[in-house]
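Welcome! Here is a short briefing to read alongside the sequence and the 3D view.

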Amino acid sequence: MSVINDTKAIVIGMWTTWKHIFRRPVTLQYPEEKRIPYPRYRARIVLTRDPDGGERCVACYLCSAACPVDCISMQSAATEEGRRYALWFRINFSRCIFCGLCAEACPTMAIQMTPDFEICNRDIMNLVYEKEDLLIDGCGKSPEYNFYHHAGIGVTQRRGAGLEEKPPVDVRSLMP
Ligand code: SF4
Ligand code: SF4
């Protein structure tokens with residue numbers, strides 16, 4: 001009986017081995033062959049612009065507060081018209097764990113994750129990205145979104161009349 005069981009086990013094992021011999025290999029010869037990650041892959045972070053070319057970041061510090069490893073820092077400033085912006089903005093990618101919490105917290109969609117994972121560097125100081133390294137010319141995801149048409153000093157219409165905005169609720173109607 002044990003001979004039959006042993007033979008059966010060997011045949012099943014060999015069958016598994018032979019099955020894989022004729023399968024297409026999944027290993028990619030990186031860096032010659034590159035795998036394109038999915039668009040939602042979380043890698044290098046960028047700062048994006050409005051459709052009109054303005055900086056989306058209003059230096060609200062929410063991304064910095066949400067970051068679990070404290071690798072975002074900035075200094076806020078304001079133009080003469082009152083529009084806030086980041087005087088400087090820094091991300092230390094040597095500490096970043098690419099969790100995406102900063103992008104989730106951002107109310108203006110300024111900070112976004114990209115699928116660019118090739119930012120390794122032997123010199124750790126080169127992983128500290130300044131605003132000029134982070135700010136891109138385009139809008140990234142949500143290309144039509146313009147925070148200043150929804151909120152902030154760019155809003156001139158009365159409350160409830162903005163884009164995708166619902167009329168304000170009369171709190172007295174909520175009384176029991
Ligand atoms: S992805 Fe996570 S760790 Fe990296 S900067 Fe954003 S919040 Fe911080
Ligand atoms: S990137 Fe977004 S969350 Fe961070 S400071 Fe700028 S507007 Fe605020």
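This is a predicted model, and a good place to begin is ligand 1, which is surrounded by 14 residues. The closest of them are Cys67, Cys96, Cys99, Leu101 and Cys102. From there, the tour moves on to the second ligand, the overall build, the sheet, the core and a few backbone details.

**The two ligands**

- The shell around ligand 1 is made up of 13 nonpolar residues and one polar residue, with no charged ones.
- Around ligand 2 you will find one stretch that runs Cys57, Val58, Ala59, Cys60, Tyr61, Leu62 and Cys63.
- The shell of ligand 2 also takes in Ala105, Cys106, Thr108, Ala110 and Ile111.
- Sorted by type, the shell of ligand 2 has 11 nonpolar residues, one polar residue and no charged residues.

**Overall build**

- The protein contains four helices and five strands, and from the N terminus on they follow the order α-β-α-β-β-α-β-β-α.
- Its radius of gyration is 26 Å, well over the 16 Å that the globule rule gives for 176 residues, so the protein is more spread out than a compact globule.
- Taken along the principal axes, the C-alpha atoms fill a box of roughly 85 × 55 × 30 Å.
- Of the 176 residues, 14% count as buried.
- Looking at contacts between residues at least 6 apart in sequence, 71% join residues at least 24 apart.

**The sheet**

- Three strands form an open sheet in the order β2-β3-β5, and their pairing is antiparallel.
- Its edge strands are β2 and β5 (residues 128-129), each of which pairs on one side only.
- Strand β2 (residues 72-78) is joined to strand β3 (residues 84-92) by seven bridges.
- On the other pairing, β3 and β5 share two bridges, again in the antiparallel sense.
- To follow the sheet across, start at Ile72, whose bridge partner in β3 is Ile91; the partner of Ile91 in β5 is Tyr129.
- The hairpin of β2 and β3 has five residues between the strands, and Gly82 there takes a positive phi near 100 degrees.

**The nonpolar core**

- The largest nonpolar core has 19 residues, and those touching the most other members are Leu47, Cys57, Cys63, Cys102 and Ile111.
- Strands β1, β3 and β4 (residues 111-113) are the elements that give two or more residues to this core.
- Leaving aside residues up to four places away in sequence, Cys57 touches Leu47, Tyr85, Ala86, Phe89, Thr108 and Ala110.
- Cys57 and Cys63 belong to this core, and both also appear in the shell of ligand 2.

**Backbone details to look for**

- Most residues other than glycine have a negative phi, and most peptide bonds are trans.
- The peptide bond from Tyr30 to Pro31 is cis, with omega near 10 degrees, and Pro31 is found in the loop between α1 (residues 2-21) and β1 (residues 45-47).
- Tyr61 is not a glycine, yet it has a positive phi of about 70 degrees; this residue is found in the loop between β1 and α2 (residues 62-66).
- Is Tyr61 buried or exposed? Tyr61 counts as partly exposed because it has 15 C-beta neighbours inside 10 Å.
- Ser142 also has a positive phi, of about 55 degrees, although it is not a glycine.
- Ser142 lies in the segment after α4 (residues 131-134), and with 12 other C-beta atoms within 10 Å it is exposed.

Notes: Residues numbered from 1 in each chain as written. Chains lettered and ligands numbered in written order. Predicted model: local features only at pLDDT ≥ 70, side-chain atom pairs only at ≥ 80, totals over all residues. Pairing = 2+ DSSP bridges. Near = placed C-beta within 6 Å. Nonpolar A, V, L, I, M, F, W, Y, C, P; charged D, E, K, R; others polar. Buried ≥ 20, exposed ≤ 12 C-beta atoms within 10 Å, placed from the backbone. Core = buried A, V, L, I, M, F, W, Y, C linked by C-beta atoms within 7 Å. Contact = placed C-beta atoms within 7 Å. Rg over C-alpha atoms; globule rule 2.2 N^0.38 Å.
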